[in-house]
Amino acid sequence: MFKFVLISCLLAAAIAMPIEQDDEDKAELERMQNESAQYSFSAQIDDQINDGTIAREETRDGTKVSGMYSYSDGFVMRTVHYEADENGYRVVKEETQDIGDGPQFNANGQADVQGSLIGKYSIKLDTDDNERHYKDVRA
């Protein structure tokens with residue numbers, strides 16, 4: 001029994017030591033990746049069926065992120081520019097513009113979608129179907 005307990009304790013100590021080293025290595029790797037990370041993307045939806053738009057752009061360079069998002073809903077167009085870094089997330093500029101009395105539905109409209117990672121496509125209502133499903137009208 002004593003041998004079993006001794007071997008168990010030695011085995012547990014041997015297993016525990018590399019885990020602490022692995023945690024330190026993981027933390028260092030994560031720090032290095034955060035400092036060298038870079039990406040940029042954009043996306044935009046212009047929905048002329050339901051009268052709305054959405055746009056977003058974001059860029060990361062190391063630990064600094066900057067970007068903007070914008071939307072309209074038939075009542076207002078709002079654009080927010082932001083930054084995030086070691087000091088946290090903060091809005092650096094916000095613009096608001098009244099644009100109307102609410103969204104105007106247009107059964108003959110088209111919704112255009114574009115993104116830096118997905119390309120570009122459009123959809124329309126399928127008025128041949130009574131349930132009004134959307135159909136792809138890629139350009």
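A salt bridge here is a side-chain nitrogen of Lys or Arg sitting within 4 Å of a carboxyl oxygen of Asp or Glu. Keep that in mind as we walk through this predicted model, which holds seven salt bridges.

Let's get the layout first. The chain has one helix and eight strands, and along the sequence they run α-β-β-β-β-β-β-β-β. Of the 139 residues in the chain, 19% are buried.

Start with helix H1, which covers residues 2-36. Arg31 makes a salt bridge with Glu28, and their closest N and O atoms are 2.5 Å apart. Both residues belong to helix H1 and are three residues apart, about one turn of the helix. Arg31 is partly exposed, at 37% relative accessible area, and Glu28 is partly exposed too, at 35%. Another salt bridge pairs Arg56 with Glu58, with 2.6 Å between the closest N and O atoms. Here Arg56 is partly exposed at 35%, whereas Glu58 is buried at 8%, because buried means under 20% relative accessible area.

Now for a pair between strands: Arg78 and Glu94 form a salt bridge, their closest N and O atoms being 2.8 Å apart. Arg78 lies in strand E4 (residues 76-85) and Glu94 in strand E5, so this pair ties together parts 16 residues apart in sequence. Arg78 is partly exposed at 25%, and so is Glu94 at 45%. Back at the Arg31 pair, salt bridges with shared partners join Glu28, Arg31 and Glu35 into one network.

Helix H1 also has a residue in a charged patch. Asp22 lies in this helix, and together with Asp23, Glu24 and Asp25 it forms a negative patch on the surface. Asp22 is partly exposed, with a relative accessible area of 39%.

The strands bring in a nonpolar patch. Ile45, Ile54, Tyr69, Tyr71, Tyr89 and Val91 make up this surface patch, with about 540 Å² of accessible area together. Strand E3 (64-72) and strand E5 (88-98) are the elements that give two or more residues to the patch. Tyr69, which lies in strand E3, is partly exposed at 32%.

Tyr69 turns up again among the rings, where ring pairs link Tyr69, Tyr82 and Tyr89 into a cluster. The structure holds three aromatic pairs. One of them joins Tyr39 and Phe41, which are stacked at 6.2 Å centre to centre with 25 degrees between the planes. Tyr39 is partly exposed at 34% relative accessibility, and Phe41 is partly exposed at 24%.

Note on methods
Residues numbered from 1 in each chain as written. Predicted model: local features only at pLDDT ≥ 70, side-chain atom pairs only at ≥ 80, totals over all residues. Heavy atoms only, no water. Patch = residues over 30% accessible without salt bridge, like charges linked within 9 Å, V, L, I, M, F, W, Y side chains within 5 Å. Areas by Shrake-Rupley, 256 points an atom, 1.4 Å probe, with all protein chains shown as cover. Lys, Arg positive; Asp, Glu negative; His and termini not counted. Charge placed at Lys NZ, Arg CZ, Asp CG, Glu CD. Helix = DSSP H or I, 4+ residues; strand = E, 2+ residues; numbered from the N terminus. Buried < 20%, exposed > 50% of the residue type's maximum accessible area, 1.4 Å probe, protein only. Phe/Tyr/Trp six-rings, centres within 6.5 Å; stacked < 30°, edge-to-face > 60°.
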